[in-house]
Amino acid sequence: MAAGRQEAPDHQPENGFTPLDHTPPKLLPQIDASVLPSLGGFGKHQKQLVVLTWIPALFIGFSQFSDYFLLAQPNGTCVHPPANDSSWTGAPPLLAAPGGTPAFHLGSNETGESYSGGMAMLCACKEWKLELLTGLSQNVVTKWNLVCDSAWKVHIAKFSLLVGSIFGYLVMGVMADWFGRQPVLILSVLFVLVFGLSVSFSVNATMFSTLRFFEGFCLAGLTLSLYVLRIELCLPDWRFSMTMVASFLMVAGQLLMPGVAALCRNWPDRDDWQVLQIVIISPFVLMLPYVWIFPESLRWLLATQHYRRSKVMMLRIAKKNQVDMTTEPSGVLIELEQELHKKPQRTCIVKMMSTRNLWKNIVVLCVNSLTGYGIHHCFSRSMMDPEARLTAMCHTDYYTMAGIALATCLAVCPAVALMGRRGGLLTFMIITALASLLQLGLLNLIGKYSLRHDTVLRDTLNRKFSVAFSIIGMFSSHAVSTLSIFFCAEITPTVIRGGGLGLVLASAGFGMLTAPIMELHNQKGYFLHHVIFACCTLLCIICLLLLPEPRGQPLPESLADGESFTRQTLLRPGEQHLLLAKTDRDYSRVHDTPIHLTATGSATVAAATALAAVPASYALATGGELLDNCAVANGVKAS
């Protein structure tokens with residue numbers, strides 16, 4: 001009889017009981033193990049579609065870093081100073097602080113009263129001559145003179161793109177789960193072209209900010225849909241490498257953006273910033289043929305029971321991968337024919353709240369993503385030299401951040417291959433926490449107790465160590481953010497993957513939003529901001545230990561799959577067995593104590609009473625088991 005039993009499923013129940021029915025598992029829910037291998041695995045069809053998801057990553061990188069040039073702060077010279085000011089020197093004041101804030105830079109040691117007085121004096125100028133130092137000869141700030149009383153409009157323009165992205169991730173993620181990945185992709189491409197090109201024809205700062213909000217909204221939908229499609233096309237061994245190629249292309253867009261801005265300088269017919277906006281949006285026209293050449297995700301169709309569309313898609317993929325399924329239909333296709341009568345079933349991200357483990361995993365990754373991008377701004381501001389010239393600062397800091405992003409992508413690949421997703425994420429989070437804590441506390445202690453008499457040497461060492469820790473922190477925090485997003489895409493079930501990934505990306509957007517918020521308040525409260533995020537890194541280190549390890553595992557398809565995708569034990573099976581094994585101590589004397597006899601006697605009476613209370617038919621079936629339990633309780637081996 002034991003020989004006729006079928007093999008047990010891969011995921012054994014944790015309570016040790018075996019189900020009564022031994023029906024074979026269905027093949028359709030096992031997409032990575034059954035469906036895709038029967039269609040040729042990661043074949044020609046999947047590889048071509050993955051390449052199509054890489055191409056827009058370069059254009060998205062252009063758009064995400066366009067603010068550094070469209071909203072860059074210029075140098076300013078007062079052409080007509082106030083007539084009643086006899087102390088006016090005529091020196092060209094800087095209109096931007098080292099952190100990029102649209103405020104006058106008077107010096108590094110002014111008090112609040114002198115700063116406010118200098119601001120009032122400089123803002124009393126009747127006419128400014130503004131000069132950009134970042135590649136363009138004119139941008140939004142110089143076009144509409146957004147300085148002094150109008151400087152807040154620059155912050156609103158920076159907010160608009162990020163806030164639009166946050167709403168886009170949340171809304172488009174739900175739509176991707178409800179209507180499919182391909183409709184969200186095509187809709188996002190069309191409206192990115194509409195709103196992106198409309199930004200270049202803005203007539204004032206209000207129109208510019210409003211259109212940038214909708215541009216960010218559509219860019220978020222485009223980024224999310226491409227990310228989800230790329231993940232769902234790949235088999236487990238290919239997921240991470242294919243995703244990192246897209247990350248490299250986005251970093252390439254960041255590195256090439258200054259060159260693109262330089263090519264748009266001194267355009268004859270239009271303003272430079274208008275030409276730059278058109279140049280970075282126009283390449284999305286190449287994605288219009290995706291309407292016909294990019295199909296819906298087969299994984300989403302099967303998970304939501306769109307079986308008729310799935311059949312057409314599977315035959316198309318098999319033909320492209322040169323797999324003949326018509327003459328010898330596989331078990332997957334036969335099973336699909338039997339399920340064609342079922343109606344589609346869609347799931348919303350709200351259903352996540354009814355789970356026990358899944359929502360906790362997503363919340364942990366949301367906090368990780370928020371902390372990674374939030375503390376990244378703290379490190380980047382600490383890295384900037386307040387005494388450097390604005391011209392050198394703009395280019396040096398920009399390329400330093402781009403170089404750190406490139407180094408992060410290069411380091412994440414071997415780290416994840418060596419330690420896995422959870423190990424790599426935990427390692428980079430620990431490095432981030434150490435860098436932030438050392439930057440906040442250790443440097444001040446060293447300067448206070450070891451170099452209290454040599455002020456110059458103390459300040460020099462503090463500055464150098466602060467820059468070193470900032471670079472390390474930016475490197476590790478960027479890796480934390482990248483891995484948190486990828487981690488979420490792997491552990492979230494297919495039926496709600498768009499919504500779950502949207503939550504983590506929106507959290508990343510909130511982390512990015514801290515930079516313009518701090519600039520709006522002229523970096524007031526910066527230290528407290530850094531302390532809060534440093535504490536969050538310590539909390540994240542603890543929570544990361546609760547996450548599962550998705551490396552080499554198939555993607556979960558349903559909520560039940562995502563709920564059963566739990567953390568594995570840190571002990572090896574042999575070590576765990578040793579912990580559960582009986583010890584060598586002799587407990588034979590315990591059976592003779594009065595307390596033990598009283599307890600076992602009560603247990604025997606209770607078992608006999610329970611046996612008498614049940615029906616006769618059930619008692620015959622279970623009486624033997626109850627008597628055995630009583631015998632074991634009395635320390636006697638049941639016969």
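**Inside a predicted model: a cavity and a phenylalanine**

Helix H2 gives the largest share of the lining of the second largest cavity, with 3 residues. Keep in mind that this is a predicted model. The structure holds 2 cavities of 30 Å³ or more, and the notes below look at the second largest one, then turn to Phe167 in helix H6.

**The second largest cavity**

- Its volume comes out at about 110 Å³.
- The lining is made up of 14 residues, and the ones closest to the cavity centre are Leu36, Glu232, Leu233, Leu298 and Arg299.
- Five names turn up if you ask which elements give two or more residues to this lining: helix H1 (31–38), helix H2 (44–64), helix H8 (205–233), helix H12 (298–303) and helix H13 (307–320).
- By residue type, the lining of this cavity splits into 8 nonpolar, 3 polar and 3 charged.

**Phe167**

- You'll find Phe167 in helix H6, which covers residues 152–179.
- Is Phe167 buried or exposed? Neither, quite: its relative accessibility is 44%, so Phe167 counts as partly exposed, since that label covers values between the 20% and 50% cut-offs.
- Setting aside neighbours within four places in sequence, Phe167 is in contact with two other phenylalanines, Phe213 and Phe217.
- Gly216 sits 49 residues away from Phe167 in sequence, yet the C-alpha to C-alpha distance between Phe167 and Gly216 is 8.8 Å.

Note on methods: Residues are numbered from 1 along each chain as its sequence is written. This is a predicted model: local features need pLDDT of at least 70, side-chain atom pairs count only at pLDDT 80 or more; totals for chains, interfaces and linings use all residues. Side-chain values use heavy atoms; hydrogens and water are left out. On a 1 Å grid over the protein atoms alone, a cavity is a set of points where a 1.4 Å probe fits but cannot get out, and a pocket is an open set with protein on both sides within 12 Å along at least five of seven lines; lining residues have an atom within 4 Å of a point. Grid points are joined across faces, edges and corners, and a volume is the space filled by probe spheres set on the points. Helices (H or I, at least four residues) and strands (E, at least two) are DSSP runs, numbered from the N terminus. Ala, Val, Leu, Ile, Met, Phe, Trp, Tyr, Cys and Pro count as nonpolar, Asp, Glu, Lys and Arg as charged, and the others, Gly among them, as polar. Buried means under 20% relative accessible area, exposed over 50%, partly exposed in between (1.4 Å probe, protein chains only). Contact means heavy atoms within 4.5 Å.
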